[in-house]
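Thanks for coming. I have one structure to go through today, and I will take it from the overall layout down to single residues. Here it is on the screen.

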Amino acid sequence: MTAGRLWSAVAALLGLAGAVIGGLALARSAGRIGTGTGRRGAIVALAVGLACTVIGGLVVAAADGGPGTGYGIVGGYVDLVVGPIALILGGLALARSRRTA
């Protein structure tokens with residue numbers, strides 16, 4: 001496991017967790033799950049999504065080779081997809097929780 005692959009894998013797991021948290025926060029802010037507003041979850045999803053996107057961008061920028069070379073470029077591209085999804089879900093949940101508060 002090279003450093004690039006490790007960083008991209010960690011960021012992908014962070015981004016996936018952020019997308020799940022953002023989805024749950026969005027469902028909570030819509031009143032579908034639980035009684036909370038989901039504001040804290042939305043903020044966590046925004047922070048984690050941003051971290052995932054930044055790490056993915058750094059991995060892709062630092063990679064010297066293409067897929068299969070050990071630089072983690074495929075994982076970096078996955079991070080560049082999953083991170084913004086977490087950002088969008090967290091942003092929607094935050095906007096919806098502000099509207100209902």
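When I say helix, I mean a DSSP run of H or I with at least four residues, and the helices are numbered from the N terminus. By that rule Gly-90 sits in helix H3, and I will come back to Gly-90 later. Please keep in mind that this is a predicted model.

The overall layout first. There are three helices and zero strands in the chain. Read from the N terminus, the order of elements is α-α-α. Of the 101 residues in the chain, 36% are buried. The chain exposes about 5,700 Å², and 70% of that comes from carbon and sulfur atoms. If you take contacts between residues at least 6 apart in sequence, 71% of them join residues at least 24 apart.

Now helix H2. It covers residues 39-62, which is 24 residues. From its first C-alpha to its last it reaches 35 Å, close to the 34 Å expected at 1.5 Å a residue. Which residues of H2 are buried? They are Gly-41, Ala-42, Ala-45, Val-48, Gly-49, Cys-52, Ile-55, Gly-56, Val-59 and Val-60.

Ala-42 takes us to the core. The largest nonpolar core has five residues in all: Ala-25, Leu-26, Ala-42, Ala-93 and Leu-94. H1 and helix H3, residues 73-100, each supply at least two residues of this core. Leaving out neighbours within four places in sequence, Ala-42 is in contact with Ala-25, Gly-90, Ala-93 and Leu-94.

That brings back Gly-90. Is Gly-90 buried or exposed? Its relative accessibility is 0%, and since buried means under 20%, Gly-90 counts as buried. Not counting residues up to four places away in sequence, Gly-90 touches Gly-22, Ala-42, Ala-45 and Leu-46. Gly-90 and Arg-39 are 51 residues apart along the chain, and their C-alpha atoms are separated by 8.8 Å.

Next, helix H1, which runs over residues 3-29. Ser-8 lies in H1, and it counts as buried because its relative accessibility is 4%. What does Ser-8 contact, leaving aside its neighbours within four places in sequence? The list is Val-59, Gly-72, Gly-75, Gly-76 and Asp-79.

Other residues of H1 are less covered. Leu-6 is found in H1 and, at 45% relative accessibility, counts as partly exposed. Val-10 lies in H1 too; at 38% relative accessibility, Val-10 is also classed as partly exposed. Leu-6 and Val-10, together with Met-1 and Leu-14, make a nonpolar surface patch of about 400 Å². The C-alpha atoms of Val-10 and Cys-52 are separated by 8.5 Å, with their positions 42 residues apart along the chain.

Last, the loop between H2 and H3, where Gly-70 is found. Gly-70 has a relative accessible area of 12%, so it is buried. Apart from neighbours within four places in sequence, Gly-70 is in contact with Thr-2 and Arg-5. Gly-70 and Gly-4 are 66 residues apart in sequence, and 7.0 Å apart in space, C-alpha to C-alpha.

To recap: the chain has three helices, a nonpolar core of five residues, and a nonpolar patch on the surface that includes Leu-6 and Val-10. That is what I have; questions are welcome.

How values were computed. Residues are numbered from 1 along each chain as its sequence is written. This is a predicted model: local features need pLDDT of at least 70, side-chain atom pairs count only at pLDDT 80 or more; totals for chains, interfaces and linings use all residues. Side-chain values use heavy atoms; hydrogens and water are left out. The expected span of a helix is 1.5 Å times one less than its number of residues. Buried means under 20% relative accessible area, exposed over 50%, partly exposed in between (1.4 Å probe, protein chains only). Patches are made of residues with over 30% relative accessible area and no salt bridge: like charges are joined within 9 Å, nonpolar side chains (Val, Leu, Ile, Met, Phe, Trp, Tyr) within 5 Å. Accessible areas come from the Shrake-Rupley method with a 1.4 Å probe; for residues, only the protein chains shown count as cover. A salt bridge is a side-chain nitrogen of Lys or Arg within 4 Å of a carboxyl oxygen of Asp or Glu. Contact means heavy atoms within 4.5 Å. A nonpolar core is a set of buried Ala, Val, Leu, Ile, Met, Phe, Trp, Tyr and Cys residues joined through side-chain atoms within 4.5 Å.
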